Amino acid sequence: MMDVSKRDLNNKEILFMSIKFFNYENLIKESLENLGAKVDWYDERPHNNFYTKAAIRLKKSLIQYSITQYFMGLIEKLGKKKYDYFFLIKGETTPKFFIEFLKKNNPNIQLIFYTWDSFDNNSAGLDILPLFDKKYSFDREDAKKYNISFRPLFFASDYEEVGKKNRNEFEYDLCFIGTAHSDRYNVAEKVNMECSKSGLKMFTFYYSPSRALFELKKHFNNDFKIFDRDKISFKSLSHDEIIRLFEKSKAILDINHPNQKGLTMRTFEALGANCKLVTTNVDIKKYPFYKPENILVIDRNNPKINKDFFCIPFSPISSEMLQAMSLKGWCLEIFDISTQTNW
């Protein structure tokens, strides 16, 4: 049930920071602007090269000087500009002194934190978490553990448009599009073999953001040693290319990170597009939109594909639930304009 408050974002000034992540930062900015806000977005990382990304994850102190200089430069750039909200996603590098500057320069500012990563995978945000007024995680267990609000992810409007189309014929029974990490390749290839046995056609696309990182993992990570180099792409698919693949696919395969129980963006995109979902995340059974006719949960160690699942028509999700699962619904809830009460 969606409860709507009297608060709105008309003419509100929002400082929004996040990493660059498959254009989601632009989609979120655009959605907030469509709600009437004025949004300034800045990258949370000082650089987006391989060394910076690796250092942030492995040993941030190696680039601490660069981070400090970057945020000092932002302070100078922002000057005396006033903001109603500071919205930070993930908090990989944002230092306390930057947040303290914002609070001093904007005494009435609302500080909002959201993470779409588990704290086990990325704990950096924990240091600054107490400074925020509202705190959200996409992971139900992290939300309980750290006493913050639980709010799942979303799908962008393009996926809902796919769902509105009358699709009766499909090129693929199952489609996997994802970044190569952990055991994803191994799981997806096992699923592909299962599909072949059942006479189902599967499309796979594995992406790595860095050739150097991929070669490093292939050398040291057992899950990557079996990776067929011919199947990896170092160029990501465009948003339009992904949408076209969704249009051609009856079902989407989602393989969550083994250390995460929060639902991936791909989960919401698949269901928003009225595509069936095959997933390794058993936690999905706890969500209000779970329907066994739409969602097949498989064991990542021994995935089995039930061909009958692909023969059952997709069961429509209610318009109210779709609104809550949408990017607009996500923005409304994160900024406390409306509340989805049955997650």
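In which sense do strand 2 and strand 4 pair, and over how many bridges? Keep that in mind as we walk through this predicted model.

**Whole chain.** Start with everything shown as a cartoon: you should find 13 helices and 14 strands. The radius of gyration is 21 Å, close to the 20 Å that the globule rule gives for 343 residues, so the protein is as compact as a globular protein of that length. Turn the view along the principal axes, and the C-alpha atoms fill a box of roughly 65 × 50 × 35 Å.

**The open sheet.** Next, pick out the sheet that 6 strands form, in the order 3-2-4-5-6-7. This sheet is open, and its pairing is parallel. Select residues 38-43 for strand 3 and 149-150 for strand 7; these are the edge strands, each pairing on one side only.

**Back to the opening question.** Now select residues 13-18, which are strand 2, together with residues 85-89, which are strand 4. The two pair in the parallel sense over 4 bridges. To see one bridge partnership, show phenylalanine 16 and its partner in strand 4, phenylalanine 87.

**Inside and outside.** Colour by accessibility: buried residues make up 54% of the 343 in the protein. Then switch on the surface, whose accessible area comes to about 16200 Å², with 48% of it belonging to carbon and sulfur atoms.

**Contacts and charges.** If you draw a contact map, consider the contacts between residues at least 6 apart in sequence: 69% of them join residues at least 24 apart. Last, select the charged side chains, 52 positive and 45 negative. The centres of those two sets lie 3 Å apart.

Methods:
Residues are numbered from 1 along each chain as its sequence is written. This is a predicted model: local features need pLDDT of at least 70, side-chain atom pairs count only at pLDDT 80 or more; totals for chains, interfaces and linings use all residues. Side-chain values use heavy atoms; hydrogens and water are left out. The radius of gyration is taken over C-alpha atoms; the globule rule is 2.2 Å times the number of residues to the power 0.38. Buried means under 20% relative accessible area, exposed over 50%, partly exposed in between (1.4 Å probe, protein chains only). Contact means heavy atoms within 4.5 Å. Accessible areas come from the Shrake-Rupley method with a 1.4 Å probe; for residues, only the protein chains shown count as cover. Lys and Arg count as positive and Asp and Glu as negative; His and the chain ends are not counted. The place of a charge is taken as NZ of Lys, CZ of Arg, CG of Asp or CD of Glu. Two strands pair if DSSP finds at least two bridges between them.
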